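Please look over the structure below. The briefing that follows takes it topic by topic.

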Amino acid sequence: GSAESVASVSADDVASLLGGVNGTNVVVVGTGNGSHEKLVAEAEKAYGSLSGASGSKAVGSVADKSAFIGSDVRIRYDSHNTATIALGFEGASWTDPKAMPLALMSTLLGSFSKSDGLGKNVAAAMCQEVADHELASSISAFSLSYSDTGLFGMVATAPDNKLDDLLWYVMPNFVRLAHGVSDEEFTRAKVTLKTQILASFDGDVAAGEQMAQQIGTVGRVVSLTEMMAKVDALTMDDVKAAAGDVINDQDHALAAIGGIHELPDYNWIRRHSYMLRY
């Protein structure tokens, strides 16, 4: 936040936040060379006095699903020569069967940054087009999961006079996921997704963070073997079905800031969320 917003935080605000911590939303994970019994004893000493939440729910379940509403927020600065935009569709929760296909879809769309050593030599088709036409300094697809829902989309930073062209290339690449990609792209994306999963467990701290997240969302630790098997089991039909549910003719949420005078309006983007194919 800003200096003003940080300075405005009071002791009561911190106390109110800590008041929401209870035994049902605390996870203690230990990794590396240590004693399990000692960790349990120390955790009991530190957190044993925490009370359970009233009306607590099972891990991995939600009381009410959040409502995703198509929206458009734009903050325009004509003095800026670049703009940052985030475009998102309603994604999948941690326990939704679409979560893994959406993760693969974000890998298919890929990421690109001018500061990367690869330059324009990126594998993902969308990023190749963005790099070749110099439409953005960086672009990255994402798939975020929460307890009840998720977000799937992309974030990009681009010159103010290339936003229209950027969306012209981005939207077809999103929509084509609902109609299928080449076998080469599909195979490469699965290998890349496996690499990303393995990298997220690289080191004791990273592994601990992943384990804590899994316990807090799905209620157990998912082994790497199981995750690799889930990636291997994905088919083109899984991707097409997930993209059909999430992207094809669906509302989106957009946030943009900077020199956005060339950014297409909501209805243009909404119209380009599907193909007219007969």
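**Strands and overall layout**

Strand E2 (residues 82-90) and E5 run antiparallel, joined by 9 bridges. The model is predicted. Its chain holds 11 helices and 6 strands. The points below start with strand pairing, then turn to the whole chain, one helix and several single residues.

**How the strands pair**

- Within the E2 and E5 pairing, Gly88 stands opposite Gly153 in E5.
- E2 also pairs with strand E6 (residues 253-258), in the antiparallel sense and over 6 bridges.
- In that pairing, Thr84 stands opposite Ile257 in E6.
- E5 covers residues 150-159 and is joined to E4 by 8 bridges, again with antiparallel strands.
- E4 and E5 form a hairpin, with 4 residues between them.
- Ser145 has Gly150 in E5 as its bridge partner.
- On E4 (residues 138-145), strand E3 (residues 111-113) adds an antiparallel pairing over 3 bridges.
- There, Ser113 has Ser138 in E4 as its bridge partner.

**The chain as a whole**

- The C-alpha atoms fill a box of roughly 60 × 50 × 40 Å, taken along the principal axes.
- The chain has 278 residues, and buried residues make up 33% of them.
- Its accessible surface comes to about 15,600 Å². Carbon and sulfur atoms account for 53% of that surface.
- Among contacts with a separation of 6 or more, 76% are between residues 24 or more positions apart.

**Helix H7 and its buried face**

- H7 has 17 residues, which at 1.5 Å a residue should span 24 Å. Its end C-alpha atoms are 24 Å apart, which agrees.
- Which residues of H7 are buried? They are Glu185, Phe186, Ala189, Lys190, Leu193 and Ile197.
- Seen down the axis of H7, these buried residues fall within an arc of 135°, so they line one face of the helix.
- Glu184 and Val191 are exposed and sit on the face of H7 turned away from its buried side.
- The buried residues of H7 pack against four helices: H4 (99-109), H5 (125-132), H9 (224-233) and H10 (236-246).

**Glu185, on H7**

- Glu185 lies in H7, which covers residues 183-199.
- Its relative accessible area is 13%. Glu185 counts as buried because that value is under the 20% cut-off.
- The side chain of Glu185 makes a polar contact with the side chain of Ser182, at 3.2 Å.
- Not counting residues up to four places away in sequence, Glu185 touches Leu108, Ala125 and Arg176.

**Ser145, on E4**

- Ser145 lies in strand E4.
- Is Ser145 buried or exposed? At 16% relative accessibility, Ser145 counts as buried.
- The side chain of Ser145 reaches the backbone oxygen of Ala92 at 2.9 Å.
- Ser145 is in contact with Ala92, Ser93, Trp94, Ala99 and Gly150, leaving aside neighbours within four places in sequence. Gly150 is also the bridge partner of Ser145 in E5.

**Met171, on H6**

- Met171 lies in helix H6 (residues 163-175).
- With 0% relative accessibility, Met171 counts as buried.
- Which residues does Met171 contact, leaving aside its neighbours within four places in sequence? They are Leu87, Phe89, Trp268, Ile269, His272 and Ser273.
- Met171 and Val14 are 157 residues apart in sequence. In space they are 42 Å apart, C-alpha to C-alpha.

**Loop residues with positive phi**

- Glu134 is placed in the loop between H5 and E4.
- Phi of Glu134 is near 50°, a positive value in a residue other than glycine.
- Glu134 counts as partly exposed, at 39% relative accessibility.
- Asp249 is found in the loop between H10 and E6.
- Asp249 is not a glycine, yet its phi is positive, at about 55°.
- The relative accessible area of Asp249 is 38%, and the residue is partly exposed.

Methods. Residues numbered from 1 in each chain as written. Predicted model: local features only at pLDDT ≥ 70, side-chain atom pairs only at ≥ 80, totals over all residues. Heavy atoms only, no water. Pairing = 2+ DSSP bridges. Helix = DSSP H or I, 4+ residues; strand = E, 2+ residues; numbered from the N terminus. Buried < 20%, exposed > 50% of the residue type's maximum accessible area, 1.4 Å probe, protein only. Polar contact = N/O pair within 3.5 Å; in protein donor to acceptor, adjacent residues only side chain to side chain. Contact = heavy atoms within 4.5 Å. Expected span 1.5 Å × (residues − 1). Arc of directions from axis to C-beta. Areas by Shrake-Rupley, 256 points an atom, 1.4 Å probe, with all protein chains shown as cover.
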